[in-house]
Amino acid sequence: MRVRAAVVGLTVVALLTACGTGGDAAPTPTATVPAEKPAALDLPEDAVLGLVGILTAPNGATADLAVIVHAALPWMVPEAADAVAATVARCVGEVDGSVVQGRGFTFSQVDIRLTGRDGEWPDDLTLAVLPQPNPEVGSTNVAGDGLRQVEADASGVFDGLAVPRCSQPTVLDGLGEGTLYLGIPQDIGGVDDLASFTGWTVHDFGLSAVLPGDLGASDVAFTACASALTPLGEELGAPNGAWAERFSATGCSVGGSTA
């Protein structure tokens, strides 16, 4: 479900309801165990989307997932300087400053955090981080500190060829936090007939146990996922026609990707 934001700066929590069975028989009293809820997540004023969930490792350890998606910024503002620098450094031979400027890039900062709840979370558990580059709009994907990129074809469009550094998907190893920069060319004027600064809506955001390419999957279970779309996110194009919450035992993600 989507927990729609009423105000900016809201707290995202999972809202869980209990459903009974129909019929005329009198209910039999039973002991109930309160469902676990993920840790609350306060969204900053520039957030367009927030996501929370609970993950369980094979040894029973649990962790809280938190994702904050910030509004896209045009490449030339000071607040986008870190994203531009990280992209140019990562994408040597693919995207440089002149390309960023000439193609009217915007950059969305995506903050990912996985925090231990109970037990010892395994350090060697790897999870896929979303978004991944969308070849339909030519977006770039650059991992900051705390995350890493892998040479795998998440989109399937490279057909065995080397995956460009700007298109290599991102993963998180163990507990921790990090930032991913999503770059979208032509988004200042509007990419692929979309309104300005709304290219972020054709991507998904979250974590998945299904790793990119042929890297397999991690044995992690996802529960209690919930997302919140802020009024700013609604102003900037969400939800689009493909928007969906993709909550399952193998991942928590939300967005409007059609890939």
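How many aromatic pairs does a search of the whole structure find? In this predicted model, the search of the whole structure returns three aromatic pairs. One of them is formed by Phe 105 and Phe 107, whose rings are stacked, with 5.7 Å from centre to centre and 25° between the planes. Phe 105 is buried, its relative accessible area being 1%, and Phe 107 likewise counts as buried, at 3% relative accessibility. The rings of Trp 200 and Trp 243, by contrast in geometry, have centres 5.8 Å apart and planes at 80°, and the pair is therefore edge-to-face. Trp 200 is placed in the loop between strand 11 (176-184) and strand 12 (204-208), while Trp 243 is placed in the loop between helix 3 (231-235) and strand 14 (244-248), so that this pair ties together parts that are 43 residues apart in sequence. Trp 200 counts as buried at 1% relative accessibility, and Trp 243 also counts as buried, at 11%. Ring pairs further link Trp 200 and Trp 243 with Phe 205, giving a cluster of these residues.

The setting for these pairs is a protein chain that has three helices and 15 strands. Of the 259 residues in the protein chain, 48% are buried. Among the contacts in the protein chain with a separation of 6 or more, 73% are accounted for by residues 24 or more positions apart. The accessible surface of the protein chain amounts to about 12,100 Å², and carbon and sulfur atoms contribute 52% of this surface.

Covalent cross-links were examined next, and the count of disulfides comes to two. In one of them, Cys 91 is joined to Cys 166, with an S to S distance of 1.5 Å; the link of Cys 91 and Cys 166 is right-handed, with 120° about the S-S bond. This pair links distant parts of the chain, since Cys 91 is found in the loop between helix 1 (81-90) and helix 2 (97-102) and Cys 166 in the loop between strand 9 (148-149) and strand 10 (170-173), 75 residues apart. Both cysteines are sheltered in the sense of relative accessibility, as Cys 91 is buried with a relative accessible area of 0% and Cys 166 counts as buried at 4%. A disulfide also joins Cys 225 to Cys 252, with an S to S distance of 1.6 Å. Cys 225 belongs to strand 13 and Cys 252 to strand 15 (residues 251-255), so this disulfide ties together parts that are 27 residues apart in sequence. Cys 225 counts as buried at 10% relative accessibility, and Cys 252 counts as buried at 0%. When the bonded cysteines of the protein chain are numbered in sequence order, the pairing reads 1-2, 3-4.

Strand 13 (221-229) is also one of the elements that flank the loop in which Thr 230 is found, the other being helix 3. Thr 230 is buried, with a relative accessible area of 0%, and a polar atom of the side chain of Thr 230 lies 2.8 Å from the backbone oxygen of Ala 47.

Charged side chains were considered last, and a search of the whole structure finds four salt bridges. Among them is the bridge between Arg 117 and Glu 36, in which the closest N and O atoms are 3.3 Å apart. Arg 117 is located in strand 6 (residues 106-118), and Glu 36 in the loop between strand 1 (11-12) and strand 2 (41-42), so that the pair links distant parts of the chain, 81 residues apart. Arg 117 is partly exposed, with a relative accessible area of 26%, and Glu 36 is partly exposed as well, with 43%. The side chain of Arg 117 also meets that of Asp 64 in a salt bridge, at 2.8 Å from N to O. Asp 64 lies in strand 4 (residues 62-70), and its pairing with Arg 117 in strand 6 links distant parts of the chain, 53 residues apart. Asp 64 counts as buried, at 13% relative accessibility. A salt bridge is likewise formed by Arg 148 and Asp 173, whose closest N and O atoms are 2.5 Å apart. Because Arg 148 lies in strand 9 and Asp 173 in strand 10, this pair ties together parts that are 25 residues apart in sequence. Arg 148 is partly exposed, with a relative accessible area of 38%, and Asp 173 is partly exposed, with 31%. Salt bridges that share partners join Glu 36, Asp 64 and Arg 117 into one network.

Conventions:
Residues numbered from 1 in each chain as written. Predicted model: local features only at pLDDT ≥ 70, side-chain atom pairs only at ≥ 80, totals over all residues. Heavy atoms only, no water. Phe/Tyr/Trp six-rings, centres within 6.5 Å; stacked < 30°, edge-to-face > 60°. Buried < 20%, exposed > 50% of the residue type's maximum accessible area, 1.4 Å probe, protein only. Helix = DSSP H or I, 4+ residues; strand = E, 2+ residues; numbered from the N terminus. Polar contact = N/O pair within 3.5 Å; in protein donor to acceptor, adjacent residues only side chain to side chain. Disulfide = S-S within 2.5 Å. Contact = heavy atoms within 4.5 Å. Areas by Shrake-Rupley, 256 points an atom, 1.4 Å probe, with all protein chains shown as cover.
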